[in-house]
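Grab your viewer and a pencil: here are a few exercises on ring pairs and ligand contacts. Try each task before reading its solution.

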Amino acid sequence: MNMATTQSILVTGGAGFIGSNFILDLLASEKTRVINLDKLTYAGNPANLATLENDPRYAFVRGDICDLPLVRKVFATHRPWAVVHLAAESHVDRSIQGADDFIRTNIQGTFYLLQAAREFWQDLAGAEKENFRFLHVSTDEVYGSLGSTDPAFTENSRYAPNSPYSASKAASDHLVRAFHQTYGLPVLTTNCSNNYGPYQFPEKLVPLMIHNAIGGKPLPVYGDGLYVRDWLYVSDHCEALRRLLHRGTVGQTYNIGGGSGKSNIEVVREICGLLQELRPGPKYETLISYVQDRPGHDRRYAIDSSKIRTEIGWVPQHSFSSGLRKTVQWYLHNQEWISSVTTGAYRKWVELQYHTV
Ligand code: NAD
Ligand code: DAU
């Protein structure tokens with residue numbers, strides 16, 4: 001099928017956690033074509049999208065967003081009406097171990113993608129030019145850390161990133177803003193809270209705890225375990241992105257969050273409780289082990305998502321407990337997925353981070 005159509009959406013990082021969920025949701029609910037541009041780092045897994053292998057609406061391009069000639073070619077060949085930019089280095093702990101890839105992909109890569117998008121968009125005319133969108137997917141971590149009684153982050157909260165990861169995402173947000181202010185590129189930026197759900201790489205809190213508990217391994221809780229995150233089930237995030245693509249106001253930023261503030265130890269205990277029910281066996285909570293804290297660890301995130309709720313009518317469909325139950329069930333039913341991603345490279349990371357295998 002000829003993919004050169006204005007009905008195509010270019011997704012970067014579509015083989016990662018949110019990207020896979022986004023593409024699967026998008027193709028299940030909209031008449032569109034999708035081009036997935038992904039470098040396939042350790043976090044990218046094309047098997048997540050295996051069900052689309054023979055779907056003529058889906059095209060995969062293995063490539064790096066820092067490769068400007070390639071990115072230009074993707075625009076010229078597929079002529080997308082929208083870009084949903086998810087490609088990034090996304091793990092805070094990895095950014096603390098070494099930030100080079102974060103600076104390269106998150107800042108330089110976003111810059112090249114913006115540059116190619118701008119060149120392509122500038123040559124469009126009429127409705128095609130009018131309707132073009134560049135949706136940049138960012139994080140609530142750009143706003144820094146909240147105290148226990150501080151009000152939740154709004155779109156007007158001051159940027160105060162504390163980790164190399166969040167600093168690189170903040171820089172990318174500024175570049176996106178600048179391309180709108182300076183060149184008029186029709187951008188939207190989202191700042192979302194912690195996602196969880198199927199296909200999340202088991203380096204992040206929720207899948208790591210499920211994976212370790214099933215394997216009878218320690219559940220490493222950083223510091224006192226009282227750090228708070230605002231959890232959002234991934235399909236609710238995907239739904240918000242889809243709605244914003246069609247109805248968001250150009251040049252605006254939107255905070256997205258589940259309104260489910262939980263401390264890490266609460267999350268880990270809830271996972272243990274679900275496993276106790278769904279996979280009775282050892283007393284999972286006895287595996288909880290308090291370990292050395294993350295340097296520069298943000299104490300609390302909370303998102304005020306009233307703007308997207310009011311303007312777009314988006315509300316999350318999952319509570320934390322309904323989303324977590326689905327997630328634990330998914331990991332229990334997809335043990336082979338976990339085995340396939342926990343390769344030698346993964347084990348090397350675990351050794352480096354936790355000094356154990
Ligand atoms: P992920 O790490 O699971 O996936 C990232 C994907 O990007 C992978 O498929 C990887 O191969 C690809 N990629 C990395 N570098 C690339 C490059 N140079 N060129 C092309 N592809 C590249 O990440 P995720 O958790 O799915 O997050 C996706 C986006 O959403 C990121 O921008 C992240 O900052 C943002 N975000 C994530 C969360 C969360 O809780 N996971 C919350 C808010 C925002
Ligand atoms: O807030 C949005 C962000 O959420 C995204 O931008 C990031 O891409 C995503 O990785 C996530 O960042 P966090 O650092 O909040 O997620 P992580 O799963 O790494 O950690 C969640 C909390 O759990 C955090 O307070 C650290 C803690 N933690 C994490 C791990 C991996 C532990 O206590 N033990 C662990 O082993």
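## Exercise 1: the ligand shell

Sort the shell around ligand 1 by residue class, then find its closest members and the elements that supply it.

Solution. Start with the classes: the shell holds twelve nonpolar, eleven polar and four charged residues. Keep in mind that this is a predicted model. Altogether 27 residues surround ligand 1, and the closest are Ile-18, Asp-38, Ser-90, Tyr-165 and Lys-169.

Next, look for polar contacts, using the cut-off of 3.5 Å between N or O atoms. On the backbone side, an N or O atom of Thr-41 lies 3.0 Å from an oxygen atom of ligand 1. A polar backbone atom of Leu-86 is 3.1 Å from an oxygen atom of the ligand. Thr-105 uses its side chain instead: a polar atom there lies 3.0 Å from a nitrogen atom of ligand 1.

Now the cover. On its own, ligand 1 exposes 840 Å², and the protein buries 97% of that. Finally, the elements giving two or more residues to the shell are α1 (17-29), β5 (133-139), α6 (164-183) and β7 (194-196).

## Exercise 2: classify two ring pairs

Work out the geometry class of the pair Trp-231 and Phe-320, and do likewise for Trp-330 and Tyr-331.

Solution. The whole structure contains 19 aromatic pairs. For Trp-231 and Phe-320, the centres are 6.4 Å apart and the planes make 45 degrees. The centre cut-off is 6.5 Å, and angles that are neither under 30 nor over 60 degrees count as tilted, so this pair is tilted.

Where do the two rings sit? Trp-231 is in strand β9 (residues 228-233) and Phe-320 in helix α11 (residues 320-333), so the pair ties together parts that are 89 residues apart in sequence. Both Trp-231 and Phe-320 are buried.

Trp-330 and Tyr-331 come out edge-to-face, with 4.9 Å centre to centre and 85 degrees between the planes. Check burial against the 20% limit: Trp-330 is buried at a relative accessible area of 15%, and Tyr-331 is buried at 1%.

## Exercise 3: a cluster and two charges

Which residues do ring pairs link into a cluster, and which charged end sits over the ring of Trp-121?

Solution. Follow the ring pairs and you get a cluster of Phe-111, Tyr-112, Phe-179 and Tyr-183. For Trp-121, the answer is Lys-129, whose charged end sits 4.8 Å from the ring centre. As a bonus, Arg-94 lies over the face of Tyr-42, 3.7 Å from the centre of that ring.

Note on methods. Residues are numbered from 1 along each chain as its sequence is written. Chains are lettered from A and ligands numbered from 1 in the order in which they are written. This is a predicted model: local features need pLDDT of at least 70, side-chain atom pairs count only at pLDDT 80 or more; totals for chains, interfaces and linings use all residues. Side-chain values use heavy atoms; hydrogens and water are left out. Rings of Phe, Tyr and Trp (its six-membered ring) pair if their centres lie within 6.5 Å; planes under 30 degrees apart count as stacked, over 60 as edge-to-face and the rest as tilted. Helices (H or I, at least four residues) and strands (E, at least two) are DSSP runs, numbered from the N terminus. Buried means under 20% relative accessible area, exposed over 50%, partly exposed in between (1.4 Å probe, protein chains only). A charge sits over a ring if NZ of Lys or CZ of Arg is within 6 Å of the ring centre and within 35 degrees of the ring normal. A residue is near a molecule or strand if one of its heavy atoms lies within 4 Å of it. A polar contact is a pair of N or O atoms within 3.5 Å; within protein, one must be able to donate a hydrogen and the other to accept it, and residues adjacent in sequence count only if both atoms are side-chain atoms. Accessible areas come from the Shrake-Rupley method with a 1.4 Å probe; for residues, only the protein chains shown count as cover. Ala, Val, Leu, Ile, Met, Phe, Trp, Tyr, Cys and Pro count as nonpolar, Asp, Glu, Lys and Arg as charged, and the others, Gly among them, as polar.
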